[in-house]
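Trainee: Please take one part of this structure and examine it closely for me. I should like to see how that part sits against its surroundings, with every criterion stated.

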Amino acid sequence: MKKILAAGLFAAAGLAISATGASAQATLAQVKQRGVLNCGSNPGLAGFGVPDAQGNWTGLDVDVCRAVAAAIFNDPAKVKFIPLSAKDRFTALQSGEVDLLVRNSTWTMTRDASLGIAFTGVNYYDGQGFMVRKKLGVNSALQLNGASVCTQQGTTTELNLADYFRANNLKYEVVAFATADETIKAYDAGRCDAFTTDASGLYAERLKLAAPDDHIVLPEIISKEPLGPSVRNNDPQWFNLVKWVGYAMLNAEELGVTKANVDQQVKSDNPEIKRLLGTEGKFGEQIGLTTDWVVRIVKLVGNYGESFEKNVGQGSLLKIARGQNALWTKGGLQYAPPVR
């Protein structure tokens, strides 16, 4: 959830041209020839991207990478996860070290316009929040006047914090650290009254605390943080492929196509399901895939709702409510264009 300051991003933007002309328009061919998708990931954010002791990666972001691999190879295991820090993530994408970056990265105008990358959609709508100890007796961020707040240095999280306190005429003391791990450890050690990062990160980081149940996440959300995958902006075919993998997972959930019933749904007479699952039309071929591309994704990874519940929802340790990440048909923001 840490967002590097614009100055650093502009400095890194020049590296975008290091992706050679030969790679433009050819990412899919390179991935197929290599036999594996190189995916930039967060190495330690529970629910989004983290490997276990055996090196098995799980998370909502991880499932995006696995879904792309399933669509291309019919094998979600054909992914090489490359752990990246917040500082290095965009440079790794620009340079071609990774084919795809899915690392809880916020889609912003500066990143769109200056880095030579393109966001393919939003797989998690987030916003910055605060966590405090229950014993502090605070129920709202507006009660944090005079508080010390732990945050990570050189991020827009730090800037959002300053904006919020200034806008509400509140005083505070920032206690900033170079890395996310240092920041949460400092909060746990009592070096500050509150900890701030994106709300999803608060739930994930709370699991690392010595006594997680002694801490609460306050209700205020002080920023917009649309998190999503990104690719280099020199390959429209690859951009469309990654974008539509995300849309396919959303459309599958909306149409009730799940891991458990996808084989039966292939026989459906519903025109929308027929187009989605490739029994009518050749939509997969338009993005360089086979007609059964969505069947592969759902059977091997699941639809968006299944991925959400398993990784960050009620079936996970984080137990985050769907909220604004619910489908548009259920009052949320998640909405996918139709396959037609």
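Mentor: Contact here means heavy atoms within 4.5 Å, while helices (H or I, at least four residues) and strands (E, at least two) are DSSP runs numbered from the N terminus. The model is predicted, so that local features require pLDDT of at least 70 and side-chain atom pairs count only at pLDDT 80 or more, whereas totals for chains, interfaces and linings use all residues. Residues are numbered from 1 along each chain as its sequence is written, and side-chain values rest on heavy atoms, with hydrogens and water left out.

The part I have chosen is helix H3, residues 60-73. Its partner is helix H12 (residues 293-300): the two axes come within 8 Å and cross at roughly 135°. Such axes are lines fitted to C-alpha atoms, for helices over the stretch in contact, and the angles run from 0 to 180 degrees between N-to-C directions. H3 is therefore oblique to H12, since angles under 35 degrees count as roughly parallel, over 145 as roughly antiparallel, 65 to 115 as roughly perpendicular and the rest as oblique. The crossing of H3 and H12 is right-handed; this term applies if the near helix is turned clockwise from the far one by less than a right angle, and left-handed if anticlockwise.

On the H3 side, Ala67, Ala70, Ala71, Ile72 and Phe73 meet Trp293, Arg296, Ile297 and Leu300 of H12. The residues of this contact divide into eight nonpolar, no polar and one charged. In this scheme Ala, Val, Leu, Ile, Met, Phe, Trp, Tyr, Cys and Pro count as nonpolar, Asp, Glu, Lys and Arg as charged, and the others, Gly among them, as polar.

H3 also holds Asp63, which counts as buried at 5% relative accessibility. Buried denotes under 20% relative accessible area, exposed over 50% and partly exposed in between, with a 1.4 Å probe and protein chains only. Leaving aside neighbours within four places in sequence, Asp63 is in contact with Val301, Ser307, Lys310 and Asn311.

Val301 leads on to Leu277: their C-alpha atoms, 24 residues apart along the chain, are separated by 15 Å. Leu277 lies in helix H11 (residues 271-277) and is buried, with a relative accessible area of 3%. Its contacts, again without neighbours within four places in sequence, include Val294 and Val295.
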